[in-house]
Amino acid sequence: MVRTQYRKPLDSEQVSVPTGQVFVIAERCKGCRFCVEFCPEQVLAESTGINAKGYHYPVVESGKEDACINCAFCKLVCPEFAIYTEET
Ligand code: SF4
Ligand code: SF4
């Protein structure tokens, strides 16, 4: 994915980037992949396992355990309320 370069914010030295922990309620997931596709940090991936409904729920991609910025966009786009994050 090509990322656009933005100007550096003037207060970037004073502001720290938040981090988040991802929680997935696997049994609610219907495998739409919205969270996987639209996470701005590409934190999520489809699991190899399936839930009781037969869908591949999202998991944190290997090596991306500290990459979540707690933006909550995954929570916003999930139609099944199956994913949320908490600030760490
Ligand atoms: S909170 Fe934001 S960065 Fe973290 S997994 Fe969800 S969409 Fe990705
Ligand atoms: S947006 Fe929700 S329903 Fe869709 S794959 Fe992600 S967790 Fe599952």
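In these legends Ala, Val, Leu, Ile, Met, Phe, Trp, Tyr, Cys and Pro count as nonpolar, Asp, Glu, Lys and Arg count as charged, and the others, Gly among them, count as polar. The model is a predicted one, in which local features need pLDDT of at least 70 and side-chain atom pairs count only at pLDDT 80 or more, whereas totals for chains, interfaces and linings use all residues. Residues are numbered from 1 along each chain as its sequence is written, while chains are lettered from A and ligands numbered from 1 in the order in which they are written.

**View 1. The protein chain and its order of elements.** The protein chain has 2 helices and 4 strands, where helices (H or I, at least four residues) and strands (E, at least two) are DSSP runs numbered from the N terminus. Read from the N terminus on, the elements follow the order β-α-β-β-α-β. Along the principal axes, the C-alpha atoms fill a box of roughly 50 × 30 × 25 Å. Of the 88 residues, 20% are buried; a residue is buried if 20 or more other C-beta atoms, placed from the backbone, lie within 10 Å of its own, exposed if 12 or fewer do, and partly exposed in between. Among contacts between residues at least 6 apart in sequence, 66% join residues at least 24 apart, a contact being a pair of residues whose C-beta atoms, placed from the backbone, lie within 7 Å.

**View 2. The surroundings of ligand 2.** The shell around ligand 2 has 15 residues, and Cys29, Cys32, Cys35, Cys78 and Ala82 come nearest; a residue is near a molecule or strand if its C-beta atom, placed from the backbone, lies within 6 Å of it. By residue type, this shell divides into 11 nonpolar, 1 polar and 3 charged.

**View 3. The surroundings of ligand 1.** Around ligand 1 there are 15 residues, the closest being Cys39, Cys68, Cys71, Phe73 and Cys74. Strand 1 (20-24) and helix 2 (73-77) each supply at least two residues of this shell, which divides into 11 nonpolar, 3 polar and 1 charged. Phe73, found in helix 2, counts as partly exposed because 16 C-beta neighbours lie inside 10 Å. Leaving out residues up to four places away in sequence, Phe73 touches Phe38, Cys39 and Pro40, and its C-alpha atom is separated by 9.8 Å from that of Phe34, 39 residues apart along the chain.

**View 4. Strand 1 beside strand 4.** Strand 1 and strand 4 (residues 83-87) run antiparallel and are joined by 5 bridges, and two strands are said to pair if DSSP finds at least two bridges between them. One residue to find is Gln21, whose bridge partner in strand 4 is Glu86. In a regular strand the side chains alternate between the two faces of the sheet. Strand 1 has a covered face, with Gly20, Val22 and Val24, and an uncovered one, with Gln21 and Phe23.

**View 5. The largest nonpolar core.** A nonpolar core is a set of buried Ala, Val, Leu, Ile, Met, Phe, Trp, Tyr and Cys residues joined through C-beta atoms within 7 Å. The largest one has 15 residues, and those with the most contacts inside it are Val24, Cys35, Cys39, Leu44, Cys74 and Ile83. Strand 1 and helix 1 (34-38) each supply at least two residues of this core. Leu44, in strand 2 (residues 44-46), is buried because 25 other C-beta atoms lie within 10 Å. Beyond its neighbours up to four places away in sequence, Leu44 touches Cys35, Val36, Cys39, Pro58, Val60, Glu61 and Cys74. Cys74, in helix 2, is likewise buried, with 24 other C-beta atoms within 10 Å. Not counting neighbours within four places in sequence, Cys74 is in contact with Cys35, Cys39, Leu44, Ile83 and Thr85. With the same kind of neighbours left aside, Ile83 is in contact with Val22, Val24, Cys35, Pro58, Cys74, Lys75 and Cys78.

**View 6. The loop between strand 3 and helix 2.** Asn70 lies in the loop between strand 3 (58-60) and helix 2, and its phi is near 55°, a positive value in a residue other than glycine. Ala72, placed in the loop between strand 3 and helix 2, has a positive phi of about 70° although it is not a glycine. Asn70 is partly exposed, with 16 other C-beta atoms within 10 Å, and Ala72 counts as partly exposed, with 15 C-beta neighbours inside 10 Å.

Technical notes: Two residues are in contact if their C-beta atoms, placed from the backbone, lie within 7 Å.
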